Amino acid sequence: MDIELLRNFLEIARLGSMTKAASSLHISQPTLSVQMKSLEEVLGRKLFRKEGRNLVMTEEGELLERRAADIIGLTDKTLSEFRALSDSLGGDVRIGCSESVLIDHLALAVKKIKKKRPFLRCHITSGDTAIVTSILEQGLIDFAIIIEPPDLDRYDSIRIPGVDTWCAVIPEDSPLAAKKSLTFDYIKNEHIIMSKQSFLADLPRWCRRDELTIFGYLNLFYNGTRFVKNHMAILLTFAGLAESGNGLAVRPLSPVLSNRMYIVWKKRQIFSPAARDLLEILRENAEKEPVNE
C-alpha cells in the first residue's frame with residue numbers, strides 16, 4: 001500500500017473535502033479522486049460518503065484512518081532512524097511519558113546529549129501507562145516512562161531517581177484549604193477526579209477506595225484543574241504538577257502516598273545512535289542514586 005496514498009487519504013479525512021485536500025496537497029482534484037478510487041478498489045470497501053457538501057468517513061474509512069496513522073508513524077520513524085545512522089550531530093528520540101516532575105531527569109539527560117548532538121529532536125507523547133506502552137508496542141516510540149513496576153518479561157527498564165508524592169488540588173476557597181494535609185476522612189465525601197490507572201493501582205495503598213465518590217477519570221492533570229476551579233471535584237495527582245494560587249490550593253495527602261517511575265523499552269530493541277546516547281546517560285544517572293528499598 002502506497003504511503004503517499006495513505007497520507008493523501010488522511011488529508012481528505014482531516015479536511016472533509018476532496019477540493020480542500022487537493023489544494024492543500026498541491027495536486028489536482030481529479031488526480032486525488034482517482035487515487036481514492038484506486039485505494040477503495042484495493043481494499044474492496046468504500047472509505048467516504050457524501051453528506052451535503054462534505055465527505056464523511058464510513059466505518060471502514062475510520063478503521064483505515066487509525067491504521068494509516070500507525071503505518072505512516074512507523075514508516076517515518078524507520079526512515080528517521082536510517083537517516084540518523086550517519087547523523088552525528090542530530091537524530092530523533094521518541095518518548096511516551098506519564099506526567100511527573102521526575103521528567104526533569106529526562107529533560108536534563110536530553111540537555112546533556114544536545115551538547116554532543118546540537119540538532120537532536122525530542123518527540124514527547126503524554127499519557128498514562130496503558131497509552132504509552134501501547135504506542136511502544138507499536139514501535140512508534142523508543143522509550144516509555146511509566147509509574148508502575150514494569151513487566152520484566154516484556155521490557156528492559158531503568159528506575160528513575162526520586163519519587164512522586166500525591167496531593168489533592170482543591171478550590172482555593174474550600175474549607176479543606178485550611179488543612180495542612182488531607183487524610184482519607186477529609187476527602188471521603190468529596191467528588192474525586194483522578195486517573196483510572198492510579199485509582200485501580202495506587203489508591204488502594206492509601207485508602208478504602210470503594211468509599212470514595214468518583215466524579216470521573218482523566219489522563220492529563222491540567223484538564224482536571226479546570227473542574228476544580230469550577231467547584232465540581234477535587235483532583236488527586238502528583239505533587240509539583242499544580243501550584244497553589246489562581247483559584248487553586250494544593251495539599252499533600254496524609255499519610256504520604258508515593259510512586260516510583262521507570263523508563264522501559266522492548267527487549268531486544270534496536271536503537272538509533274541518538275536513542276542509545278540517551279539510554280546511556282539515563283543509566284548513568286540511575287546508578288548514582290542510592291537504592292533504599
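Begin by selecting helix α3, which covers residues 29-43, and go to L43, which is found in this helix. The model on screen is a predicted one, and in it L43 is partly exposed, with a relative accessible area of 32%. Add M1 and V42 to the selection, and a nonpolar surface patch appears, in which M1, V42 and L43 together offer about 300 Å² of accessible area.

Now show the whole chain. Its secondary structure amounts to 10 helices and 11 strands, and the C-alpha trace spans about 65 × 50 × 35 Å along its principal axes. Of the 293 residues in the chain, 44% count as buried.

Next, select strand β7 (residues 191-194) together with strand β8 (residues 213-217), two strands that run parallel and are joined by four bridges. Within this pairing, I192 stands opposite I214 of β8. Following the backbone from β7 to β8 takes you through helix α8 (residues 196-201), and the resulting β-α-β crossover is right-handed. Keep β7 in view and add strand β9 (residues 234-238), which pairs with β7 in the parallel sense over two bridges. Here I192 serves again as a point of reference, since its bridge partner in β9 is I234.

The salt bridges are the next stop, and their count comes to 14. Select R121 and D92, which form one of these salt bridges, with the closest N and O atoms 2.8 Å apart. This pair links distant parts of the chain, R121 being in strand β4 (residues 121-126) and D92 in strand β3 (residues 92-97), 29 residues apart. How does accessibility describe the two partners, buried or partly exposed? R121 counts as partly exposed at 39% relative accessibility, whereas D92, at 9%, counts as buried.

Move on to D277 and R117, whose side chains meet in a salt bridge with an N to O distance of 2.8 Å. D277 lies in helix α10 (residues 273-288) and R117 in the loop between α5 (103-116) and β4, so the pair ties together parts of the chain that are 160 residues apart in sequence. D277 is buried, with a relative accessible area of 13%, and R117 counts as buried as well, at 6% relative accessibility.

Two further selections complete the charged pairs of this tour. The side chains of D185 and K188 meet in a salt bridge at 3.8 Å, N to O, and K188 counts as partly exposed at 27% relative accessibility. Selecting E4, R7 and D76 then brings up a network in which these residues are linked by salt bridges.

Finally, turn to the cysteines. How many disulfides does the structure hold? The structure holds zero disulfides. Select C97, which is in no disulfide and whose nearest cysteine sulfur, that of C122, is 7.6 Å away. Why is there no bond between C122 and C97? A disulfide requires the two sulfur atoms to be within 2.5 Å, and the sulfur of C122 is 7.6 Å from the one in C97, its closest cysteine sulfur, which is too far for a bond. To end the tour, show the surface around both residues: C97 counts as buried at 3% relative accessibility, while C122 is partly exposed, with a relative accessible area of 33%.

How values were computed: Residues are numbered from 1 along each chain as its sequence is written. This is a predicted model: local features need pLDDT of at least 70, side-chain atom pairs count only at pLDDT 80 or more; totals for chains, interfaces and linings use all residues. Side-chain values use heavy atoms; hydrogens and water are left out. Patches are made of residues with over 30% relative accessible area and no salt bridge: like charges are joined within 9 Å, nonpolar side chains (Val, Leu, Ile, Met, Phe, Trp, Tyr) within 5 Å. Accessible areas come from the Shrake-Rupley method with a 1.4 Å probe; for residues, only the protein chains shown count as cover. A salt bridge is a side-chain nitrogen of Lys or Arg within 4 Å of a carboxyl oxygen of Asp or Glu. Buried means under 20% relative accessible area, exposed over 50%, partly exposed in between (1.4 Å probe, protein chains only). Two strands pair if DSSP finds at least two bridges between them. A crossover is right-handed if, with the strands pointing away from the viewer, the path from the first strand over the helix to the second runs clockwise.
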